[in-house]
Amino acid sequence: MNETERVELSNLLFPNLKHDREYYENMYPERDLPEGAMVTRYGPSPTGLVHLGNLLSAFADMSYAKQTKGSFYLRIEDTDQKRMVEGGIENIVGVLNDFEIMPTEGYTFGGNYGPYRQSERTEIYQTYIKDLIIKGLAYPCFMTEEEIAAIKEEQEINKTKIGIYGVYATDRDLSLEEIKEKISNGEEYVIRLKSPGNLEKQVEIKDCIKGKLKFPEHNVDTILLKKDGTPTYHFAHAIDDHLMHTTHVIRGDEWVSSLPLHIQLFQVLGFKPVKYAHIAPITIKDKETGNIRKISKRKDPWFSVKYYDENGIPIKALHLYLATITNTNFEEWYLKNTDKDINNFEFSFDKQAIGGTSFDEAKLENLCKTYFSRKSGKEVYEETLTWAKKHNEEYAKQLEENKDDMIKFLSIEKDGPRPRKDISKYSDVEEEFSYAIDSKFEKENFSKYDGEKTYDTELVLNYIENYLDLDSNNEEWFNKVREFAIENGYAGSPKEYKKDPENFKGHVGDICEAIRVMITGRTKSPDLLSILKILGKDKISKRVKLYKNYINN
RNA sequence: GGCCAGGUGGUGAAGUGGCUUAACACACUGCCCUUUCACGGCAGCAUUCACGGAUUCGAAUUCCGUCCUGGUCACCA
């Protein structure tokens, strides 16, 4: 086919396009951004639920764009209408909102490079395809699925490379007349790339994360436009990332094998290449097989994004975890910089894992504890309340009714360089601080206490009456407890008791334990005096009496 | 099967030829601190970096082979 024939063909195939390539090139000019600014994008397809892997790449997109003062946009990749899920797009936008991974532009976020939904860009794609046809770089292919399947089978038997290329690309050199005839016969067609690649030659590609990668050139006549006139991912990606001036395509590592195609597409289209960064997959060691595998929706609850919200894992703590996965040096930095927040950390591609990153539940939990330990009692209260309003209304109500005391309880042992680490998620608060809300304590009584020991209420009552001074400081208070212990035949310290157990009924610790159980319903708690002070004498006595009833029944 | 990537302790990993008798963190164990728990401190936890060979005065780090694991080979993204 000569050029005039190709022009005729292009008009036959795409008679109704309003604009040409130049029009779009001018419509989306270069972005006006500072030097080194990265333009990234999150391009989900609304075919199901958002999962951890998606979130991780969106998080990386956001982080890199933010720290370089660039742009992070959301592009909906919905070129496959068959796989569309109802509410899929709303879900994506909702998850991004919930997890505070906010695009600066894109679908529902505005911006000058839209539309940000691929199904609304069909004309653009077709315009570029038309141009490719004129240049002889793409062609209509009329092969049926059966024919293609037969070729694949043959290739499998012959152990040659699978796909439509070289001698298998029978429609590559169809004449204009033949094409016209097929079309008038009503034969359906796709548009394929006329791949200039040579399998014998190598392409070298630099991936920002993986480093230098070498592949044989791409030589398959990949489908660019499907029968229904919509583009395949590969083609849409090239057009969109060019027109939207993406600088870095950050995506899952399942894409590295199509890198030669994508590079070739950019070349054929005459676009300036983008940089690629392929993120290692999140993996997990399968309990049954012992093998490492990609994290899975069915087997791993953590895979689903809903898990974090439902279980009360704070969004910011999840960010912390995503950051540790993203950059291997983040964790150390975060532990050292107790006063800094995640925005002060500088992410870099060369600190990103190359192989798989194993999901570590224990690490997540620890990170959550550290996160909570750095929050003030008031902050913990407020965040827990917000969470409870959504997931535990009854508790939310109780929290609101007991706001002041609750904040005091949550603030115990929070000051200083070594704060408590006892909460790893919002849902822990209710359980860990079960003694904090009076009405709740009375109702649940001592049902949470699982020890077998019973304690002497007369002894404790006596102590409260005659020795308890809620205005004293910790040292004064404890000296009094010790004094009381000794007078009642207990050792003044555990050491003393250990030396000569025969001579004592027990030691101070036992007295404290008795008090603790009676007023908190448990053997473990934060600093006792602090709790006593917040409760006040009346509530303390009441609880001891409650305990008395409890053991008598 | 072809192509590509990766294999360092229970886990995540640092490490790019001598500074490594392999950092750091999590987990676990023991001890200490201590009125409980948590925090914190100390110690233990890979005589060795999948395996074999080569290069080198010297290798976890370079090269070759083997094995294992993962990804990918759609008119899905």
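Where is the place of Lys159? I looked this up first in the predicted model, and I found Lys159 in the loop between α6 (145–158) and α7 (176–184). I then checked the backbone there and noted that phi of Lys159 is near 55°, which is a positive value in a residue other than glycine.

**Confidence**

Before going further I looked at the scores, and I wrote down a mean pLDDT of 91 for chain A, with 98% of its residues at 70 or more. For the model as a whole I noted an ipTM of 0.90 and a pTM of 0.90.

**Domains**

I next looked up how chain A is divided, and I listed domain 1 (3–22 + 122–279), domain 2 (31–120), domain 3 (284–373), domain 4 (375–433) and domain 5 (448–553). I also took down the separation of the centres of domain 1 and domain 5, which comes to 78 Å when taken over C-alpha atoms.

**A cis peptide**

Which residues does a cis peptide bond join? I found this bond between Gly114 and Pro115, with omega at about 0°, and I placed Pro115 in the loop between β3 (105–106) and α5 (122–134).

**Helices α14 and α15**

I turned to helix α14 (residues 377–391) and helix α15 (residues 393–401), and I noted that they pack at an angle of about 145° with their axes 7 Å apart. The crossing in which α14 passes α15 is left-handed. On the α14 side I listed Thr384, Leu385, Ala388 and Lys389 as making the contact, and on the α15 side Glu393, Tyr395, Ala396, Leu399 and Glu400. Sorting the residues of this contact by class, I recorded five nonpolar, one polar and three charged.

**RNA strand B**

Which residues come nearest to RNA strand B? Of the 67 residues around the strand, I noted Glu77, Lys227, Gly355, Ser358 and Arg418 as those that come nearest. I then looked at the classes represented on the surface near RNA strand B, and I entered 22 nonpolar, 18 polar and 27 charged residues.

Conventions
Residues are numbered from 1 along each chain as its sequence is written. Chains are lettered from A and ligands numbered from 1 in the order in which they are written. This is a predicted model: local features need pLDDT of at least 70, side-chain atom pairs count only at pLDDT 80 or more; totals for chains, interfaces and linings use all residues. Axes are lines fitted to C-alpha atoms, for helices over the stretch in contact, and angles run from 0 to 180 degrees between N-to-C directions. Helices (H or I, at least four residues) and strands (E, at least two) are DSSP runs, numbered from the N terminus. A crossing is left-handed if the near helix is turned anticlockwise from the far one by less than a right angle, and right-handed if clockwise. Two residues are in contact if their C-beta atoms, placed from the backbone, lie within 7 Å. Ala, Val, Leu, Ile, Met, Phe, Trp, Tyr, Cys and Pro count as nonpolar, Asp, Glu, Lys and Arg as charged, and the others, Gly among them, as polar. A residue is near a molecule or strand if its C-beta atom, placed from the backbone, lies within 6 Å of it. Domain bounds come from an automatic or database domain assignment. pLDDT is the predictor's confidence in each residue, from 0 to 100.
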